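Me: Please give me a close look at one helix in this protein. I am in my first year, so spell out each term and keep it brisk.

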Amino acid sequence: MYAKEALAKTGVRPAIILGVLSEESDLGTNLGSGSWRTDMNPTRDAPLFQQICAEFGYNPDNQPVSKKPWSGWRGAMGPAQFIPSTWVQCARSMGSGHGNLRRRDAYGRQRRRSAERLAALRYLAGWKNAKKSAYSYYGDAVVNLAEQFQQQINVLGG
């Protein structure tokens with residue numbers, strides 16, 4: 001249901017959206033074991049995370065985020081594993097609040113495996129890093145998962 005709603009808003013087929021959500025958080029079952037206080041960039045993302053939680057009525061101390069590795073920052077949140085600064089950037093670009101993300105990457109709407117794979121890679125690594133071979137595992141995983149989801153969608157008549 002939500003994937004079909006996302007299709008209506010983005011033009012990206014539900015199977016790809018489900019592939020990304022599956023790869024990111026196992027469809028929301030693994031939201032992370034980190035804490036915003038220790039795993040988020042304290043100047044860029046932590047204040048935004050507090051703001052987002054306040055807007056939705058959540059206590060930030062009770063919200064799981066991705067745990068940072070031995071160096072750098074993490075703190076991605078939710079089933080799609082957005083970092084707070086990306087969440088806010090998307091919401092601002094739409095001008096309609098946080099509830100409806102509209103990352104209309106033309107490649108994601110093309111319904112060709114190579115184009116959808118590139119869109120998934122851009123989701124993970126951004127436009128500049130999407131073609132780096134180090135990230136190819138992610139694009140491959142998303143399109144493979146999407147094929148499995150599409151088979152299920154087809155059986156359900158979608």
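Reply: What follows is a close look at helix H6 and the parts around it.

First, the ground rules. This is a predicted model, in which local features need pLDDT of at least 70 and side-chain atom pairs count only at pLDDT 80 or more, while totals for chains, interfaces and linings use all residues. Residues are numbered from 1 along each chain as its sequence is written, and side-chain values use heavy atoms, leaving out hydrogens and water.

Now the setting. The protein has seven helices and zero strands. (Helices are DSSP runs of H or I with at least four residues, strands are runs of E with at least two, and numbering starts at the N terminus.) Of the 158 residues, 37% are buried. Buried means under 20% relative accessible area, exposed means over 50%, and partly exposed lies in between, with a 1.4 Å probe and protein chains only.

H6 covers residues 113-129, which makes 17 residues. Its end C-alpha atoms are only 19 Å apart, whereas a straight helix would reach 24 Å. (The expected span is 1.5 Å times one less than the number of residues.) H6 has a kink of about 95°, centred on Tyr123. The bend at a residue is the angle between two fitted axes, one for the seven residues ending there and one for the seven starting there.

Which residues of H6 are buried? They are Ala115, Glu116, Leu118, Ala119, Ala120, Leu121, Arg122 and Ala125. Their cover includes helix H2 (14-25) and helix H7 (136-155). Cover here rests on contact, meaning heavy atoms within 4.5 Å.

Look at H2 next. It has 12 residues and reaches 16 Å from its first C-alpha to its last, close to the 16 Å expected. Its buried residues include Pro14, Ala15, Ile16 and Val20. The buried residues of H2 pack against helix H1 (2-10), H6 and H7. Just after H2, Asp26 takes a positive phi of about 55°.

H6 also lines a pocket. The second largest pocket holds about 620 Å³ of space. Of its 17 lining residues, the closest to its centre are Gln81, Ile83, Thr86, Tyr123 and Leu124. So Tyr123 is both the centre of the kink and one of these central residues. H5 and H6 are the elements that give two or more residues to the lining. H6 gives the most, with five.

How is a pocket found? On a 1 Å grid over the protein atoms alone, a pocket is an open set of points with protein on both sides within 12 Å along at least five of seven lines, and a cavity is a set where a 1.4 Å probe fits but cannot get out; lining residues have an atom within 4 Å of a point. Points are joined across faces, edges and corners, and the volume is the space filled by probe spheres set on them.

Now to Met77, in the loop between H4 and H5. Met77 is buried, at 11% relative accessible area. Beyond four places in sequence, Met77 touches Phe49, Ile52, Val65, Phe82, Pro84 and Trp87. Met77 and Gln63 are 14 residues apart in sequence and 8.2 Å apart in space, C-alpha to C-alpha.
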